[in-house]
Amino acid sequence: MIRRFRRCGHAPGALTPEDQAAVDQFRAMLAALRTPEPWTPGSAQDVAVRVGAHIERAHTRPGDDHGADVIAVALVHPDTPHAAAYAHRYTRRGWLRCETAGILGLWRPAYTALTHAAAGLDLPVDVGMAAAHYGVDVQARQSDGSGFTVLRLGPYSQTWHTSRDADRLTAELEEQAAVVAPGFTVTATSAAFDFGDREVYRDPYLTDVTLLLANALAEAPM
């Protein structure tokens, strides 16, 4: 038996411009996957990263503190800067830690068809990258475990900045332990920055952190 297969769509005959455009786009995508354009650390160009079974566009942030093996990236809509309302589903995640080994190469428009956005999907809850924002939390606790947050500082983009300010505040609290908050234990610790709750944070780079602590303690309900 002889089976004849025909091209779906506008058949028979030559490809229509629409069909040809789809074929060209598919070929460009395959070519981009087979021969990705190499990415060089320090370049201010967007990169393509794998997120599950998809490929996403990401901005890179220079100056992170984990050496050449890990950088900070922010996932962005593939149509950036002309993204639609869907874009906020990307940017609300903030900066993320990305292993450079997971970078496919420089971003190319041909990868757009492989993104979650092109498939009409939200990014997964776990994109395989930890947050690259840091904060300092100052907590007041009583012996029964009850208490409240005195001050939250952030975001920090470097872990050593976070540790430095947490240590400064810890030293300040130890020096004033008897008068800071009678009946409470007040501690300053490094913590992940909650990007979704950023309005409650104070910027540690605008004012001395010890002054921010003093003001927060003066206003605290203790």
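The questions and answers below concern a predicted model.

Q: What is the order of the strands in the open sheet of three strands?
A: The pairing in this sheet is antiparallel. β7 and β8 stand at the edges with a single partner strand each, so one side of each has no neighbour in the sheet. The order is β7-β6-β8.

Q: By how many degrees are neighbouring strands of this sheet turned against each other on average?
A: The strands concerned are those of the open sheet β7-β6-β8. With direction ignored, the average turn between neighbours is 20°.

Q: How many bridges join β6 to β8?
A: β6 and β8 run antiparallel. Within this pair of strands, Y134 stands opposite A192 in β8. The number of bridges joining β6 to β8 is eight.

Q: At about what angle does α5 run to β7?
A: Two helices can be placed against the strands. α3 packs on the sheet and touches β6, β7 and β8, its direction making about 180° with that of β8. α5 lies across β6 and β7, and its angle to β7 is about 155°.

Q: Which residues have the most contacts inside the largest nonpolar core?
A: This core has 23 residues. At least two of its residues come from each of β6 (134-141), β7 (147-156), α3 (159-175), β8 (185-192) and α5 (209-219). Those with the most contacts inside the core are V138, V150, L151, L153, L169 and V186.

Q: How many residues does the second, separate core have?
A: Among the members of this core are W39, L106, A117 and V127. The second core is separate from the one already described, and its residue count is 17.

Q: Which residues does L153 touch, not counting residues up to four places away in sequence?
A: L153 is one of the residues with the most contacts inside the largest nonpolar core. Leaving out positions up to four places away in sequence, L153 touches Y134, G135, V136, L169, Y201, R202, P204, V209 and L212.

Q: How far apart in space are R198 and L153, C-alpha to C-alpha?
A: R198 is found in the loop between β8 and α5, and its relative accessible area of 48% makes it partly exposed. R198 and L153 are 45 residues apart in sequence. Their C-alpha to C-alpha separation is 9.5 Å.

Q: Which residues are linked in a network of salt bridges?
A: The side chains of R152 and D137 meet in a salt bridge at 3.2 Å, N to O. R152 lies in β7 and D137 in β6, so this pair ties together parts 15 residues apart in sequence. R152 also meets D197 in a salt bridge, at 3.7 Å, and D197 lies in the loop between β8 and α5, so that pair ties together parts 45 residues apart. The linked residues are D137, R152 and D197.

Q: Is D137 buried or exposed?
A: The cut-off for buried is under 20% relative accessible area. D137 has a relative accessible area of 10%. By that cut-off, D137 is buried.

Q: How far apart are the closest N and O atoms of R168 and D208?
A: R168 in helix α3 and D208 in the loop between β8 and α5 are 40 residues apart, so the pair links distant parts of the chain. R168 is partly exposed at 35% relative accessibility, and D208 is partly exposed at 36%. The closest N and O atoms in their salt bridge are 2.9 Å apart.

Technical notes:
Residues are numbered from 1 along each chain as its sequence is written. This is a predicted model: local features need pLDDT of at least 70, side-chain atom pairs count only at pLDDT 80 or more; totals for chains, interfaces and linings use all residues. Side-chain values use heavy atoms; hydrogens and water are left out. A nonpolar core is a set of buried Ala, Val, Leu, Ile, Met, Phe, Trp, Tyr and Cys residues joined through side-chain atoms within 4.5 Å. Buried means under 20% relative accessible area, exposed over 50%, partly exposed in between (1.4 Å probe, protein chains only). Helices (H or I, at least four residues) and strands (E, at least two) are DSSP runs, numbered from the N terminus. Contact means heavy atoms within 4.5 Å. A salt bridge is a side-chain nitrogen of Lys or Arg within 4 Å of a carboxyl oxygen of Asp or Glu. Two strands pair if DSSP finds at least two bridges between them. Axes are lines fitted to C-alpha atoms, for helices over the stretch in contact, and angles run from 0 to 180 degrees between N-to-C directions.
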